[in-house]
Structure formats: C-alpha cells, structure tokens
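Subject: Structure for your review

Dear colleague,

Please find below the structure that I am handing over to you. I would be grateful if you could keep it open while reading the notes that come after it.

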Amino acid sequence: MPLLLGTDQDHKVTGIAIETDNKNVKAEEFKEAILSCKHKFSKGMSLRIEWKKIQSQEVSFVYYNGEFTGDLKDRAEMLNTGIRIRNVTRKDSGTYRCEISAKSEEGQRLGEATITLTVLVPPTTPICVVPNSAMTGTVVELSCKEAEGSPPSEYQWYKNGVALLEKTGTGSARTANITYTMNKKSGTLIFNTVSKNDTGEYFCVASNGIGLPQKCSMKRMQVDDLNVSGIIAAVVIVALVMALCGLGVLYAQKKGYFTKESSSQKSNSQSTSEKDFKHTKSFVI
C-alpha cells in the first residue's frame, strides 16, 4: 500500500510515494526478517536512504550514511532500499521507519514508510504454584506464568490429566458443577470455596502458537475437612492442664508450703543479722 506524505496529517513536506510489501512483519526468533521499502524514482536520481528504529519516544539510527549501525551492523544488509535482518532476536522487535529523500527540479522531496517488526518467541517452561494442602470452604489460588513467549502465552490448567473448562458468563450461562474460575490470560485458577472433590494432581500448559507448548511439573493438592473434634479435644486438654495447675497452687497454700518457705527465709535473715551484729560488737571492743 502506498504511503503518501505531504498532507496535513503528516510532515507538511513535498511528499513522494513510498511502498512497503508488509507493514506488520512477523519473524521467528533466530530466523531472518525482511523490511521492504520501495520507491518510484528515476534510476538516475540521487537518493539518500536512512532507516531508523522508534522505541517509546526515542529514535535511533539503524542505517545511516551508507552503513548499518549498532547491533545490526553485522547482521543486516540492504535489499535495494529495503533491509534484511539475519538471526533476529526479541530485542529487534519494534517500529522501523524507512526515509528516502531525493533532489528534483521541484526541490528536495521526502517520503517515508513505517513498518512494525514482531519477533516470535516460543514459551518456556512455566512456573506453577500449587498448594500442597487446603481446608474445605477456604479460598485457594493456583498460578501459572512464563515471561519469555512473544506474543504472550495463554494458559490451560489440567486436573488428573483432564483439561479444565473455562468458566464464563453468569447464572444459567455458567457450566454446572464448576467451583473454580480459570483465567487463561493471567494463568490463575481460583477456588472460591474449595471442596474435597478438588483434591487431585494439577499442572498447567503455556502456549502462544509458536513452537511447542510447555508444561510445568504435576503437583498434588490435598483438600481435607476442618478437624473440629481435634480442635475441641486440644482446647479441653489445655483447660484441664490449667485447672490442675490452679488446684496445685491452692493445695500448696493450704498445706502452708509457701508460709514455711517464707518463715525459713525470715529466720535465715534474722540469723544473718545477729551474726553481723556480734561481729561488729566484737570489733568495737
């Protein structure tokens, strides 16, 4: 599609027609990508060709003054006015702009074409977080994530080797007997009220249409009922121990063990005082 410059929406310069075979180029990682940029100038005209990469608000040169720059210096070559990039990596993804200027009888003329390059990267093995155990009726969240895939991966959870259905809609539109919510974009699997039936072996698969899907190792989640009887028994035992301690203290007080101990300490104190007094008296004499 020809891209015409020189309109109010562009750069307000004397425009020329620049064509590109593909405005959205996609290439698998470590393969090659071709960014085309074509013009209809006469062969005898003097052309100035520049390629730039646009990232956020920054613009950097890719091809300038007849040679490639930066990381593409040893990996790219010109195809007429287009470029071929060999061994592309995810860092090469971005927006590129081809700019061609030429001198004519009417003066300086300029045209440009913008091309988006997306480097496709297969997913890596995702990291899955699955709790080993849970109590019935509680909220439990399982997570699955990998950060290398381009485009971003989607995630599918499996229980005991069977793919879980995605819960969508509300009311009668929801699939019956589903006690969880699975988000394929974020990779989360949430049980709002987990039950014993949710006990099983879980794993997750990440895929983005590039390369082979990747899965995490299988992990078991055991869901058990809250042991109410055990908790009551523990509370009763603690109460009995505290009661026995209290009775022991009362019994000791009735027998006078604490009184005898106090008297003994008082006697020892008086004895010590008398000895000190006698010693002082003897010294004075």
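The notes below begin with the whole chain and then turn to individual elements and residues.

**Overall picture**

Please bear in mind that this is a predicted model. The protein has 285 residues, of which 30% are buried. Its secondary structure consists of 22 strands and 2 helices. If one takes the contacts between residues at least 6 apart in sequence, 59% of them join residues at least 24 apart. The exposed surface of the protein comes to about 18,600 Å², with 54% supplied by carbon and sulfur atoms.

**An open sheet of four strands**

One open sheet contains 4 strands in the order β13-β15-β19-β18, and their pairing is antiparallel. Its edge strands are β13 (127–129) and β18, each of which pairs on one side only. On average, neighbouring strands in this sheet are turned by 5 degrees against each other, direction ignored.

At one edge, β13 and β15 run antiparallel and are joined by 3 bridges. Val129 has Ser143 in β15 as its bridge partner.

At the other edge, 4 bridges connect β18 with β19 (residues 188–191), again in antiparallel fashion. Here Thr181 has its bridge partner in β19, namely Ile190. The two strands form a hairpin with 4 residues between them, and Gly187 in this hairpin takes a positive phi near 85 degrees.

Strand β18 (residues 180–183) also shows an alternation of its side chains. Tyr180 and Met182 point to one face and are buried, whereas Thr181 and Asn183 point to the other face and are not buried.

**Aromatic residues**

Tyr180 appears again in this part of the account, since it forms one aromatic cluster together with Phe191 and Tyr202. In total, the structure holds 5 aromatic pairs. One of them is made by Phe61 and Tyr64: the ring centres are 4.4 Å apart and the planes stand at 50 degrees, so this pair is tilted. Phe61 is partly exposed, at a relative accessible area of 38%. Tyr64 is likewise partly exposed, at 35%.

A charged residue is also found beside an aromatic ring: Lys215 lies over the face of Phe203, at 4.7 Å from the ring centre.

**Backbone features in loops**

Three loop positions deserve a look. The first concerns a proline: the peptide bond from Ser150 to Pro151 is cis, with omega near 5 degrees. Pro151 belongs to the loop between β15 (140–145) and β16 (154–159).

The next is Phe30, which has a positive phi of about 75 degrees although it is not a glycine. Phe30 sits in the loop between β3 (24–28) and β4 (33–35). Is Phe30 buried or exposed? Its relative accessibility is 56%, and because residues over 50% count as exposed, Phe30 is placed in that class.

Asn80 is also not a glycine, yet has a positive phi of about 60 degrees. Its place is the loop between β9 (76–79) and β10 (82–85). With a relative accessibility of 67%, Asn80 counts as exposed.

**Two buried residues in strands**

Cys98 is part of strand β11 (residues 94–104). This residue is buried, with a relative accessible area of 1%. Which residues does Cys98 touch, leaving aside those up to four places away in sequence? They are Cys37, Glu50, Trp51, Thr81, Gly111, Glu112 and Ala113. Between Cys98 and Leu35 there are 9.0 Å from C-alpha to C-alpha, while the two are 63 residues apart in sequence.

Trp157 lies in strand β16. Its relative accessible area is 0%, and Trp157 is therefore buried. The C-alpha atoms of Trp157 and Cys204 are separated by 4.4 Å, although these residues are 47 apart along the chain.

**Where to begin**

For a first look at the model, I would suggest the sheet with the order β13-β15-β19-β18, followed by the cis bond from Ser150 to Pro151 and the surroundings of Cys98, which include Cys37 and Trp51.

With kind regards

Note on methods
Residues are numbered from 1 along each chain as its sequence is written. This is a predicted model: local features need pLDDT of at least 70, side-chain atom pairs count only at pLDDT 80 or more; totals for chains, interfaces and linings use all residues. Side-chain values use heavy atoms; hydrogens and water are left out. Buried means under 20% relative accessible area, exposed over 50%, partly exposed in between (1.4 Å probe, protein chains only). Contact means heavy atoms within 4.5 Å. Accessible areas come from the Shrake-Rupley method with a 1.4 Å probe; for residues, only the protein chains shown count as cover. Rings of Phe, Tyr and Trp (its six-membered ring) pair if their centres lie within 6.5 Å; planes under 30 degrees apart count as stacked, over 60 as edge-to-face and the rest as tilted. A charge sits over a ring if NZ of Lys or CZ of Arg is within 6 Å of the ring centre and within 35 degrees of the ring normal. Two strands pair if DSSP finds at least two bridges between them. Axes are lines fitted to C-alpha atoms, for helices over the stretch in contact, and angles run from 0 to 180 degrees between N-to-C directions.
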